[in-house]
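Reader: Could you walk me through this one while I have it open on my screen? I'd like to take it topic by topic.

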Amino acid sequence: LVSGNLQLGIIGALLVEPLRVRVLDAAGLPVEGQAVLFRVEAGDGTIGDGRRGVVVPTDASGEAAASFRLGHYAGAASQVVRAVAAGYGEVEFRATALPGEPDLIVADSGSQQLGLAGHTVPRPLVAAVVDAGRNRLTGVPVRFTVVEGGGHFEDGSSERVTSTDSDGRAITSFVLGPEDG
């Protein structure tokens, strides 16, 4: 392994540095023309022009390199590429895909509840915020607003802003309006 290991970037991004290996013979001399297979082992990233694997011959210095685009699953060292040179061994590259910008907010739980007028619904309202890879995001402010029915939040307000927790969820209790229906 020459370079390109332990990089990080936003989901879907092309890593700045290519994944580079060097093939040496038993005497420590570079091997030219040796086929090196770069293959995605974990994560949903791609090599080169969108493939899961590519064969690259070594150059005069015994080196072969391939570009790598991170997948859409965020996580520490979640993307793994193995480089194999038959008869010479293999190395493993790991990369970390970081979450992207907020892309979507979804009702995670708490909708369609029944309860007594003027009382707190049995389960809190939960909204999840995700990026384009559907990774849940931490620390995103979410605004809950009452738009119909006279209900309110625990502090009596008709609007509440709360940030998503470590699981990407914004959670708030809700009190139904005073009228049945």
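Author: Gladly, and please keep in mind that this is a predicted model. A good place to begin is strand E8, residues 75-85, which pairs with strand E9, residues 89-98, in the antiparallel sense over eight bridges.

Reader: Which residue does Ala85 stand opposite in E9?

Author: Ala85 has Gly89 of E9 opposite to it.

Reader: And on the other side, how do E3 and E8 pair?

Author: E3 and E8 are antiparallel too, and their pairing runs over five bridges. Within that pairing, Val40 is the residue that stands opposite Val81 in E8.

Reader: What about E3 and E5, in which sense do they pair?

Author: Strand E3, which covers residues 35-42, pairs with E5 in the antiparallel sense, over five bridges. There Val36 has Val56 in E5 as its bridge partner.

Reader: So what is the strand order of the whole sheet, and is it open or closed?

Author: The sheet is open and is formed by five strands in the order E1-E9-E8-E3-E5, with mixed pairing. Its edges are strand E1, at 7-10, and strand E5, at 53-57, each of which pairs on one side only. From one strand to the next, the twist averages 30°.

Reader: Changing topic to the surface: which residues make the nonpolar patch?

Author: Leu8, Ile10 and Leu98 make a nonpolar surface patch of about 260 Å². Of these residues, Leu98 has its place in strand E9.

Reader: Is Leu98 buried, partly exposed or exposed?

Author: Leu98 counts as partly exposed, because its relative accessibility is 31%, and partly exposed residues are those between the cut-offs of 20% and 50%.

Reader: Let's go to the aromatics. How many aromatic pairs are there?

Author: The count comes to two aromatic pairs. In one of them, the ring centres of Phe144 and Phe153 are 6.4 Å apart and the planes stand at 65°, so the pair is edge-to-face.

Reader: Which ring does Phe153 pair with besides that, and how are the planes set?

Author: Phe153 also forms an aromatic pair with Phe174, again described as edge-to-face, with 5.6 Å centre to centre and 70° between the planes. This pair links distant parts of the chain, since Phe153 lies in strand E13, residues 152-153, and Phe174 in strand E16, residues 174-175, with the two positions 21 residues apart. Phe144, Phe153 and Phe174 together form one aromatic cluster.

Reader: Why do those rings count as buried rather than exposed?

Author: The cut-off for buried is under 20% relative accessible area. Phe144 is therefore buried at 11% relative accessibility, Phe153 is buried with a relative accessible area of 2%, and Phe174 is buried with 15%.

Reader: One last place, please: where is Leu114?

Author: Leu114 sits in the loop between strand E10, at 104-109, and strand E11, at 125-130.

Reader: Buried or exposed, that Leu114?

Author: Leu114 counts as exposed, because its relative accessibility is 77%, and the cut-off for exposed is over 50%.

Reader: And how far apart are Leu114 and Asp44, in sequence and in space?

Author: Leu114 and Asp44 are separated by 70 residues in sequence, and in space their C-alpha to C-alpha distance is 41 Å.

Methods
Residues numbered from 1 in each chain as written. Predicted model: local features only at pLDDT ≥ 70, side-chain atom pairs only at ≥ 80, totals over all residues. Heavy atoms only, no water. Pairing = 2+ DSSP bridges. Helix = DSSP H or I, 4+ residues; strand = E, 2+ residues; numbered from the N terminus. Axes fitted to C-alpha atoms, helices over the stretch in contact; angles between N-to-C directions. Patch = residues over 30% accessible without salt bridge, like charges linked within 9 Å, V, L, I, M, F, W, Y side chains within 5 Å. Areas by Shrake-Rupley, 256 points an atom, 1.4 Å probe, with all protein chains shown as cover. Salt bridge = Lys/Arg side-chain N within 4 Å of Asp/Glu carboxyl O. Buried < 20%, exposed > 50% of the residue type's maximum accessible area, 1.4 Å probe, protein only. Phe/Tyr/Trp six-rings, centres within 6.5 Å; stacked < 30°, edge-to-face > 60°.
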